[in-house]
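Q: Hey, got a minute to go through this model with me? I'll bring it up here.

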Amino acid sequence: AEAPTAPTAPPYLVIQQVAKSFGTFAALHRVSLTITQGEFVAFLGPSGCGKTTLLRAIAGLDPPTTGSITQGGRDITGLPPEMRDFGIVFQSYALFPNLSVAQNVGYGLRGGGWTRARVAERVAELLTTVGLPEQAQKYPAQLSGGQQQRVALARALANEPGLLLLDEPLSALDAIVRINLRQELRSLQRRLGVTTIMVTHDQEEAMSVSDRIVVMSQGRIEQVGTPEDIYRRPATPFVAGFVGRSAHFDAKIDTPANMLITPDGLRLEARGLAHLLYGARVEVFIRPEDVRIGPEALVMRHHQGVVTHVEFMGALSRVSVELGRLRLDADVPAGMVTALGAFVGSAIPVALPPEALMVFP
Ligand code: ATP
């Protein structure tokens, strides 16, 4: 069954053929993407892939070299940031150090024709929304990193923007604060229904909060899909290798249909390869939770491997096996290691389920 793709809401942000060069260096190559109203989308990729450049083009901070961007049906490509409808949160908290929390949050509201009382009311409401009702009179230096990011978020939401842009907003925080804040961010975003784009290099973060993930590499979009699409049905070897853990190896198409053979003669069954020619080279990926070992492997097409390493990881243990020259990890429930006969140095049956092999020509 196909997983649902884009939600059915109308398109809100339409990016068409956007390219950006710095001198002769192309940071973005003709990127196209449509984001629907109310979606939470993550731009995910390694350092330097162009995700911040794309976000800055959407904000108008760095206009694209070519291409167009429309927001809510309006062409915003050449519009300066102050004429656009967005709020932004950066990795470094970027608060005004000499202004109180309340003044930081209300900064963009002054001059909006609002009375002092109305601004104060709105600021109090925003601080409650981000869980800081008591901190209005403090200064940024008196707050933790997580609290400063909440203030930055309140400030970004002050004018009820149609679009919330988040540039690695959680990366500077420690693990527990980061996980709590990302969950809160997600529920807040759902409650407000604000279309949101978050730049991150953290795949777990992208998976846990997004409706869809845009995986980027070297200035190009590799894949756009739900977290499950990206994880289970990677479109390219880059996505298969970058998202989640996986072992990968080369193989060739063998006979009969759907059989593969590795350079040292291991024959493996895969799925959906009938269109590939005998002898064609492919790249194969498999995830540690899909590798079967011990009795479970015995009932499938399996090979004899040798256990080289067992690593306790809490709920799971990671059993490393060698299958000829292939080195694979199998993640198994920690309590099962003994029952599976996974002792370092012992022989063990190993199976790679055909449907779990991710094969790329
Ligand atoms: P990171 O996570 O490290 O910020 P990123 O994916 O956000 O990575 P970008 O900041 O978008 O990457 O940068 C993409 C490429 O463009 C990088 O190679 C970067 O060096 C280059 N680049 C970005 N801004 C400029 C600039 N102002 N002048 C020259 N090159 C730039």
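A: Sure. Some vocabulary to start: Ala, Val, Leu, Ile, Met, Phe, Trp, Tyr, Cys and Pro count as nonpolar, Asp, Glu, Lys and Arg as charged, and the others, Gly among them, as polar. This is a predicted model, where local features need pLDDT of at least 70, side-chain atom pairs count only at pLDDT 80 or more, and totals for chains, interfaces and linings use all residues. Numbering runs from 1 along each chain as its sequence is written.

Q: OK, how do the residues of the shell around the ligand divide into nonpolar, polar and charged?

A: That shell has 4 nonpolar, 7 polar and 1 charged. Among the residues surrounding the ligand are Phe22, Lys51 and His201.

Q: And where does the largest share of the shell come from?

A: From α1, with 3 residues. Helices here are DSSP runs of H or I with at least four residues, strands are runs of E with at least two, and both are numbered from the N terminus.

Q: Switching topic: what's the strand order in the open sheet?

A: It goes β6-β7-β8-β3-β9-β10, with mixed pairing; two strands pair if DSSP finds at least two bridges between them. β6 and β10 each have a single partner strand, so one side of each lacks a neighbour in the sheet.

Q: How many bridges join β3 to β8?

A: 5, and the two strands run parallel. Phenylalanine 43 sits opposite valine 199 in β8.

Q: Last one: is arginine 56 buried or exposed?

A: Buried, because 20 other C-beta atoms lie within 10 Å. The cut-offs are 20 or more for buried, 12 or fewer for exposed, and partly exposed in between, with C-beta atoms placed from the backbone. Arginine 56 is in helix α1.

How values were computed
A residue is near a molecule or strand if its C-beta atom, placed from the backbone, lies within 6 Å of it.
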